[in-house]
Amino acid sequence: MRTGSTISASSVADPAEWIERNEREHPHRLFLRTPTGRGLSYQTLSNGSARLACALTRRGVTTGDRVAARVEKSVEAVLLYIACLRMGALYVPIDVGASPQEFDYLLRDSSPRIAIVPPGEADALEPIADRAGVQLLETLGADGEGSLSRLARVSEPEDPSPGAHQPHSVAALVYTSGTTGRSKGAMLTRANLASNATVLAEAWRFSGEDVLLHVLPLFHVHGLLTAINTVLASASSILLLPKFDSAEVLQHFKEATVFMGVPTHYTRLLHEAGLNPEATAHVRLFVSGSAPLPIETHQEFFRRTGHVILERYGMTETLMNTSNPYDGPRVPGSVGPPLPGIGIRVTNPEGGAVERKPDVIGTLEVSGPNVFAGYWRDPGKTAGEFTADGWFRTGDLGRIDRDGYVHIVGRAKDLVISGGCNVYPREVELELDALPGVLESAVFGVPHPDFGEGVTAAVVPKSGASLSEDAIIEALGARLAHYKLPKRVLVVAELPRNAMGKVQKSALRERHGGLYLS
Ligand code: MLC
Ligand code: AMP
């Protein structure tokens, strides 16, 4: 077991205190701006989020209620998240690309007091919300359109805090696909958010001078919690781009000091002819995470820019666990030692015994103030993911070397990570198996030059049925968010099975390993 050094409890504020402290101490400092010229100082952040919180309160939302936010990445989306933090409502981020059935499931599972959707989608989404039993639906769009923004404009910027927040109350419910194929809401507490951002701001040397170039979606922990909270904890600034575009990002490096990305961002940046030391000179720190960063990408980025990418390792259920050091060796292929206050250990996947020797491969387990409070309304699943002595089983396979650096070598869980997005094969298989003409299917990941892993399906037709790859992908497109769609569907006579009759995904991965590489 390795544990990072401890952090002082006194330095860990409640997330709402960051907003109040920053307004008090740096009212005119820029919190966030966009390339189109919108800007929020810490004072306007405080007022704007208080008005939104007041608007939510007027609509009947109160502490402990869920607020389902299916909103475009925008200044308004950031304000909405912060309004929820301040009033103690549970923020439930939802991908704007979620299919109708995914949206329906998330609403039924989280049972929010209110669902907030883009103005242009209200007509299509209202019946879904209605059927799911959500009584309130409001709209929020970029640039201040929408019913909730209108209400916020005529609401007072009153202190939205209903008294002291409890560290163990839940701040956000972030859905992450479970092994059963159904998304589970990870309950992240205020203490999880506060401790992790405090640790990261220190570990990555954030200061009021920093500008984070933000290109990540706002419905995963990486872009929503790690990025925004680290900025709030250090009273620094964000340059918010609506999405990742490598040519545009390259232009904005001269206005930023920190970049947080997934490996696909780095491989795409390497295709830009203009990526060189001059273009990246203003940036002091490049961070990568959410998926394994190939060693070649790490080395090539250094060769082209002179910057050593800092790789870290996290999960929806735990926020960030480990990080290569700011000072000290950043080892390619390693995710670094545990962050301060966080314990990581390796256990034997067979018997669960803790491995104390370095470099032994096993299951990685985590313990610390970053570990979530459990899955929403699913104590059975929660209990199954914790050991008897309270450690969280990550489902990742790894080793810890002699210097205390963690190396992730694979996954015990059946998961494909495509462009930093998790795809649980079971969820896609269930949809494939429901298609007419499909007898059975297996979904797996194989190396992909852009997405790291490409979601791939092998399907067996029912006797006499003929299946078309395009028709299958199109049919799935109506049922699943598009990043989950298989990039290829292979029609096969049978699936490889072991003596017990279990489908051998390793054989499929091996057989089709070069599918996207030619
Ligand atoms: C988009 N597409 C993807 C995809 N993203 N396909 C596979 N995998 C993905 N990740 C598809 C779209 O459906 C579309 O297909 C086509 O690619 C182009 O869509 P796009 O919107 O233009 O894509 P693009 O902007 O290029 O997005 C790629 C990306 C994005 C890599 C920039 O996926 C991204 O921002 N990923 C980051 C995800 C992230 O934040 N992960 C953190 C999880 S938290 P079609 O057919 O519709 O044209 C976590 C914990 C931790 O893991 O440690 O951080
Ligand atoms: P998510 O469930 O979306 O939060 O994804 C978490 C998973 O992403 C982890 O369990 C790991 O499998 C993977 N992951 C995150 N960061 C890294 C990294 N730096 N290297 C390898 N895998 C990572």
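Which residues of helix α4 (residues 100-110) are buried? That is a handy place to start, and the answer is in point 1. Keep in mind throughout that this is a predicted model.

1. **Helix α4.** Running over residues 100-110, α4 has these buried residues: E102, F103, D104, Y105, L106, L107 and S110. Look just past the helix too: S111 follows α4, and its phi is positive, near 35 degrees.

2. **Two more positive phi values.** Most residues other than glycine have a negative phi. A235 goes the other way, with a positive phi near 50 degrees, and it isn't a glycine. You'll find A235 in the loop between α8 and β11 (237-240). A235 counts as buried because its relative accessibility is 4%. L319, also not a glycine, has a positive phi of about 55 degrees. L319 belongs to strand β15, and its relative accessibility of 2% means that L319 counts as buried.

3. **T318, just before β15.** T318 sits in the loop that links β14 to β15 (319-323). Its relative accessibility is 0%, so T318 counts as buried. If you want a cross-check in the viewer, pick T318 and L173: they are 145 residues apart along the chain, and their C-alpha atoms are separated by 13 Å.

4. **Strand β13 and its neighbours.** Now go to β13 (residues 285-288). In a regular strand the side chains alternate between the two faces of the sheet. Here both faces are covered: L285 and V287 are buried on one side, F286 and S288 on the other. On the β12 side, β12 (residues 258-261) runs parallel to β13, and 4 bridges join the two. One spot to look at is M260, which stands opposite V287 of β13. Between these strands the chain passes through helix α10 (residues 263-269), making a right-handed β-α-β crossover. β13 also pairs with β14 (residues 310-315), again in the parallel sense, over 2 bridges. There, S288 has E311 in β14 as its bridge partner.

5. **Another crossover, further along.** β24 (residues 452-461) and β25 (residues 488-491) form a parallel pair with 4 bridges. A458 is a good residue to click on, as its bridge partner in β25 is L490. To get from β24 to β25 the chain goes through helix α14 (residues 469-477), and this β-α-β crossover is right-handed.

6. **Cavities.** How many cavities of 30 Å³ or more are there? The count comes to 3. Take the second largest, with a volume of about 50 Å³. Its lining is made up of L193, N196, A197, L200, L225, T226, N229 and L319, so here is L319 from point 2 once more, the residue that counts as buried at 2% relative accessibility. Two helices, α7 (190-203) and α8 (221-234), each give at least two residues to that lining. The largest share is from α7, with 4 residues. By class, the lining has 5 nonpolar and 3 polar residues, and no charged ones.

7. **The second largest pocket.** This one holds about 510 Å³ of space. It is lined by 19 residues, and those closest to the centre are D414, K502, V503, K505 and R509. The elements that contribute two or more lining residues are α13 (425-433), β23 (438-448) and α15 (505-511). Of the elements, β23 gives the most, 4 residues. As for the character of the lining, it divides into 11 charged, 5 nonpolar and 3 polar residues.

8. **Cysteines.** How many disulfides does a search of the whole structure find? The search comes back with 0. For C54, the nearest cysteine sulfur belongs to C84 and is 14 Å away, and C54 is in no disulfide. Is C54 buried or exposed? C54 counts as buried because its relative accessibility is 13%. C421 is buried as well, with a relative accessible area of 14%.

Notes:
Residues numbered from 1 in each chain as written. Chains lettered and ligands numbered in written order. Predicted model: local features only at pLDDT ≥ 70, side-chain atom pairs only at ≥ 80, totals over all residues. Heavy atoms only, no water. 1 Å grid on protein atoms, 1.4 Å probe; cavity = no way out; pocket = protein on both sides within 12 Å on 5 of 7 lines; lining within 4 Å. Points joined across faces, edges and corners; volume = space filled by probe spheres on them. Nonpolar A, V, L, I, M, F, W, Y, C, P; charged D, E, K, R; others polar. Buried < 20%, exposed > 50% of the residue type's maximum accessible area, 1.4 Å probe, protein only. Pairing = 2+ DSSP bridges. Right-handed = clockwise from strand over helix to strand, strands pointing away. Disulfide = S-S within 2.5 Å.
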